[in-house]
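Student: Hi! Could you walk me through this one in plain words?
Tutor: Sure, let's look at it together.

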Amino acid sequence: MKNVIGAVCIKCGAEQTAANDTYTCKKCGGILEIVYDYHYIKSRLTREKLAADKEYSIWRYLDLLPIEEGSKLSALRVGWSPLYKTEAMGKALGLKNLYIKDDGLNPTSSLKDRASAIAAVRALHAGKNIVACSSTGNAASSLAGNAAALGLRSFIFVPERAPIGKLTQLLIFGATVIKVKGNYEDTFRLSAEAIAQYGWYNRNAAINPYLSEGKKTVSLEIAEQLGFIAPDYVAISVGDGCTIAGVWKGFKDLYALGLIDKLPKLISVQAEGCCPVNRAIETNSPIEPMEENTLADSIAVGVPRNGDKALMAIRESKGITVNVSDDEILAAMRLLGNTAGVFGEPAGVAGTAGLKKVVEKNLIPQDATVVSVVTGNGLKDITSAQKAAGEIGGPIHIAPDMGLLEDEFRKRGIEV
Ligand SMILES: *Cc1c(COP(=O)(O)O)cnc(C)c1O
Ligand SMILES: [Zn+2]
């Protein structure tokens, strides 16, 4: 890879080559970050080149991705999700410049596709024919889908609580699914043992440093879609921490290349019932494990595997932390649906729920440019969506009679 210099450990600073099996630091076992040759990339990745590029997927940013030359790229359209300026929702929240980045519109309906696309391409190029991971759901379904698109097999370890929509996706994408009796922590451990035993390609997000490189494309797109101006704030939900680390890396890359001239502040949103990353920031102490008490299954991560990278991202950006209750998450689901026409899953809308709280606490100015990333689609977890919808009121259930219909409208005070 001409664009990649190597990998550096975020714990001990040791530099190493970015090889296929480079997952963690050879010296201390810490998490690695990929280092780019910005001087080389600068001459290749320009605003003009991007403006003329008709490749509307993450592959438009190949110059900034850890993909070996000659790799076969997946044909799935991952990335280039829409960035909506949502005036009605902005008004509801009290923000003049609010944008929603709808990453639920990826091929398998979550932001995770950005990472899994990289994993599948790298696995194929490394001569592997099986990829594996443990996941609360979306990493798994996205890996299974992206693997299928490249003709790879997938082995997926899921905790028992994974919603049925996500499990079903896995089966349709032809994955071998192992449903582990236990929580995410137990699931992760078994997957790590099996991966070591069988030599499969490891897509576990924390371990594999190439994955947050894929996730960073969400920021490359946000900046490009805003005309190469970084927003003031980006609100994002946090589980393992790989996503928020990727978001930060994307903006830092663009800044290093001179394509944007400031960096945003990150708003790190976790669930009140599971917020180990935010708690570590707020108490300025190391991450301590927490229970996983939230309906937002995709961010129910009691032992964040990429916590250190997440902490770095939040601190470096001088970011804000905020925790939200399940009720606030369900309310955000209704708000996004009602005012923006965007349907997110609980973890997908948690960022928006957190943003609402941050505005209410007057922590950000009303005229700030703010992007709230919706990280996953609501159809993935219909049970939670039904809970959210229940508070709106169910359908009007009547016989096919115009008189009855008018009665119901009158009774319920529905204007027609
Ligand atoms: C995985 C995921 C997140 C959080 O990403 P992490 O890298 O685990 O922090 C947020 N929302 C959705 C929908 C996800 O699938
Ligand atoms: Zn190290």
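Student: Let's start small. Where is the place of Ser-134?
Tutor: Ser-134 sits in strand E6. Helices (H or I, at least four residues) and strands (E, at least two) are DSSP runs, numbered from the N terminus. Before we go on: this is a predicted model, where local features need pLDDT of at least 70, side-chain atom pairs count only at pLDDT 80 or more, and totals for chains, interfaces and linings use all residues. Residues are numbered from 1 along each chain as its sequence is written, chains are lettered from A and ligands numbered from 1 in the order in which they are written, and side-chain values use heavy atoms, with hydrogens and water left out.

Student: Okay. Is Ser-134 buried or exposed?
Tutor: Ser-134 counts as buried, because its relative accessibility is 4%. Buried means under 20% relative accessible area, exposed over 50%, and partly exposed in between (1.4 Å probe, protein chains only).

Student: And what does Ser-134 touch?
Tutor: Not counting residues up to four places away in sequence, Ser-134 touches Phe-157, Tyr-184, Thr-187, Phe-188, Ser-191 and Asn-204. Contact means heavy atoms within 4.5 Å. Phe-157 is also the bridge partner of Ser-134 in E7.

Student: How do E6 and E7 pair?
Tutor: Strand E6 (residues 130–134) and strand E7 (residues 153–159) pair in the parallel sense, over five bridges. Two strands pair if DSSP finds at least two bridges between them. In general, strands of a sheet pair through backbone hydrogen bonds, either parallel or antiparallel.

Student: What order do the strands of that sheet have?
Tutor: The order is E8-E7-E6-E9, an open sheet of four strands with parallel pairing. Strand E8 (176–180) and strand E9 (201–202) stand at the edges with a single partner strand each, so one side of each is left without a neighbour in the sheet.

Student: Which helix lies across E7 and E8?
Tutor: That's helix H6 (residues 164–172), which runs at about 150° to E8. Axes are lines fitted to C-alpha atoms, for helices over the stretch in contact, and angles run from 0 to 180 degrees between N-to-C directions.

Student: New topic: the metal! What coordinates the zinc ion (ligand 2)?
Tutor: Four cysteine sulfurs do: Cys-9 (SG), Cys-12 (SG), Cys-25 (SG) and Cys-28 (SG), at 2.3 to 2.4 Å. Donors are N, O and S atoms within 2.8 Å of the metal (3.2 Å for Na, K and Ca), and water is not among the atoms, so sites may look incomplete. In sequence, the donor residues are spaced C-x2-C-x12-C-x2-C.

Student: How far apart are Cys-12 and Cys-25 along the chain?
Tutor: They are 13 residues apart, and the pair links distant parts of the chain. Cys-12 is in the loop between strand E1 (4–9) and strand E2 (15–16), while Cys-25 is in the loop between E2 and strand E3 (32–36). Cys-12 counts as partly exposed, at 40% relative accessibility, whereas Cys-25 counts as buried, at 5%.

Student: Back to sheets. What about the one with six strands?
Tutor: This open sheet has the order E4-E5-E13-E10-E11-E12, with mixed pairing. Strand E4 (83–85) and strand E12 (320–324) stand at its edges, each with a single partner strand, so one side of each lacks a neighbour in the sheet. From one strand to the next, the twist averages 25°.

Student: How many bridges join E10 to E13?
Tutor: Three bridges join strand E10 (residues 233–237) to strand E13 (residues 369–374), and the two run parallel. Tyr-233 stands opposite Val-370 in E13.

Student: Which helices lie across this sheet's strands?
Tutor: Among them is helix H10 (residues 242–256), which lies across E10 and strand E11 (265–271) at about 155° to E10. Another is helix H13 (residues 326–340), lying across strand E5 (97–102), E12 and E13, at about 95° to E12.

Student: Last one: how many helices and strands are there in the protein?
Tutor: The protein has 16 helices and 13 strands. Of its 416 residues, 57% count as buried.
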